[in-house]
Each structure stands twice: as C-alpha cells, then as structure tokens.
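The following exercises concern the packing of a helix and the overall dimensions of a protein. Each task is followed by a worked solution.

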Amino acid sequence: MSGKHLHVVVFGATSAIAEAVCLRLADRMASLTLVARNEDKLSAAVERMGMHITCTVRRVIADLSHLDQHVPLVETVLGSQERIDLVLLAHGVLPDQDVLNANHALAMEMFTLNATAMISLAELCTRHLEEQGHGTLAVLSSVAGERGRKRMIVYSAAKSAVSTYCEGLRLRAFDKGVQVVVLKPGVIITPMTQGRLRTPLDSTVERAAIAIESAISRKRGIAFIPWFWRPVMAMVRTLPEWLFRRLPW
Ligand SMILES: NC(=O)c1ccc[n+]([C@@H]2O[C@H](COP(=O)([O-])OP(=O)(O)OC[C@H]3O[C@@H](n4cnc5c(N)ncnc54)[C@H](OP(=O)(O)O)[C@@H]3O)[C@@H](O)[C@H]2O)c1
C-alpha cells in the first residue's frame, strides 16, 4: 500500500523510542493518536516532530498506572476510530534497584506499571484489534526480561512477564488476523538510560526505530532491537549462575 494509510495509536507517547518510530512512519500515517501522562512533554514532542508529521494528530492525557481507567481509556482512544492499523505500547520506567530494595511499596508500584499496566493495555488493545479483524500491536519489552538480574530484579521480572504474556496473545490473535510483535531492545540511548556507562553495544533511537519499523512490517513475533541482541542474549542465557552472579548487572 502506498500513500498515507496508517492509523496509529501510541501509549506512552513521550517515549524517545516511540517518537523516533513515529518519525519513521510519518510519510505513511493518515492519523496519529498520542497517549501520554504529561501534557507539556507531549506538546514538546509534537512540536519536535513538527513538519515531519503532517497527518491528523490527536492527543490524550492519561496516567497509565491507573489500571481501573484502562477499559474506558482504550474505549475512548481505539473505539472512537473507524480503523486502527498499529498500536505501540511504549510506557515504562527503569528504577534504581537499590532504591526498590529499600522500599517494598515502590517496588510493587514499579512492577505494576511495567508489567500489569503494559499487559492490561496489551490485552485490551488486542481484543479491540481482534474484533476489528485487522491490525498490529507492537509492545516494547526488553532484553532485560530474558534473565533475572540482581541490579534490575523488578524491571527484568516485569519485562519477562510482558514478553511471555504477549507471546501467548500473539498465538491467540493470529487466527483473527491480528499481529502481536514483541520488541526486545538492548540498551538504547534515551532519557531512560541517561547516566549509565556507555558501551559499544548501545544504540541510538534512530537505529532502534529502523529495526522496529522492519519488525512491524515483517510481522515478526519477537524482534531483538538491534538484531545482534539475539545471539548476545542466547549466550547470556547459557552462562552458569556462579558466573552470572559475578557480573555487574
Ligand atoms: N532505552 C532503553 O535502553 C530500553 C531498552 C529496552 C526496553 N525499553 C523500553 O522501551 C520503552 C520506551 O523507553 P524509552 O527508552 O523510550 O524511555 P523514555 O524516553 O524514558 O520513555 C518512557 C515513557 O514512559 C512514560 N511513562 C512512565 N510512566 C508512565 C505512566 N505512569 N503513565 C504514562 N506514561 C508513563 C514516560 O512518560 P513521561 O515522559 O511523562 O515520563 C515516557 O514517555 C519502555 O517500555 C522501556 O522499558 C527501553
């Protein structure tokens, strides 16, 4: 299909990765609905995308940690449109595990936001796409979910839950003409990873967005972003625990 035909919805739309993906899709978007919790940050993101996004842009303000609001939110955002082609779930936080080790309530809050809120939106959006009989749900999980880590206990467990849930969703949705794409980025240079030691494996948001666009258009079930994280994580999964314990992650 050529021309502007894609109707796209992004939850967690002020994410740096999500913004780069929107820019990659700009030429093909007929409409873009951006859901974010912070109005000022969302306005700044829309302004940055400026000239590139020439389609209709709709803004919805919502804090995605409010699970009880998800049903009406998804109804408002997806139900009000005739057709949705792509939903991208991009919200998330990478908290300091030392802080969480000392604050149980916060640890559970962070798990709920990264896991339950993501899963809840994935489930509701997939149901909508299944009823429509068409569309793609792309979910930003992480390589962190491939193995429990002492420096990221909460985050890695949450991403593992998201990946596993969405793998199951993909199998269910496939028969109804819907694709669920589980995206597993490695380290991408964004506000989320600011202040961390940089390594040669770190990628830019532009590189991540190219890989994400490709995974979506190829209807990949699970995509490591960039690709080299697949062999890296295959190796990491085989490390014996006595060695894995000694690594700084
Ligand atoms: N960067 C990486 O290395 C990396 C690697 C693997 C996976 N990921 C995943 O990729 C996704 C995007 O991350 P990013 O790197 O683009 O980070 P980012 O720029 O920090 O974006 C995170 C987004 O989540 C939003 N968010 C957090 N809590 C929210 C809430 N309660 N309600 C609504 N929105 C909320 C943030 O909103 P505010 O702008 O209002 O704070 C922000 O838009 C996340 O799921 C992350 O876990 C990132």
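**Exercise 1.** In this predicted model, determine which elements the buried residues of α7 pack against.

*Solution.* The buried residues of α7 pack against α1 (16-25), together with the strands β4 (86-89), β5 (135-140), β6 (178-185) and β7 (222-225). The residues in question are V205, A208, A209, A211, I212, A215 and I216. They lie on the same side of α7, because the arc they cover around the axis is only 165°. The general principle is that an α-helix has 3.6 residues a turn, so residues three or four places apart point the same way. On the face of α7 turned away from the buried side are the exposed residues E206 and S217.

**Exercise 2.** Compare the expected span of helix α7 with the distance between its end C-alpha atoms.

*Solution.* Helix α7 comprises 13 residues, 205-217. At 1.5 Å a residue, α7 should span 18 Å. The end C-alpha atoms of α7 are 18 Å apart, which agrees with that expectation. After α7 comes K219, which has a positive phi, near 55°.

**Exercise 3.** Assess the radius of gyration of the protein against that of a compact globule.

*Solution.* For 249 residues, a compact globule would have a radius of gyration near 18 Å. The protein has 18 Å, in agreement with this value. The C-alpha trace spans about 55 × 35 × 35 Å along its principal axes. Buried residues make up 41% of the 249 residues. Of the contacts with a separation of 6 or more, 71% are between residues 24 or more positions apart. The protein contains 9 helices and 7 strands.

Technical notes. Residues are numbered from 1 along each chain as its sequence is written. This is a predicted model: local features need pLDDT of at least 70, side-chain atom pairs count only at pLDDT 80 or more; totals for chains, interfaces and linings use all residues. Helices (H or I, at least four residues) and strands (E, at least two) are DSSP runs, numbered from the N terminus. The expected span of a helix is 1.5 Å times one less than its number of residues. A residue is buried if 20 or more other C-beta atoms lie within 10 Å of its own, exposed if 12 or fewer, and partly exposed in between; C-beta atoms are placed from the backbone. The arc is that of the directions from the helix axis to the C-beta atoms. Two residues are in contact if their C-beta atoms, placed from the backbone, lie within 7 Å. The radius of gyration is taken over C-alpha atoms; the globule rule is 2.2 Å times the number of residues to the power 0.38.
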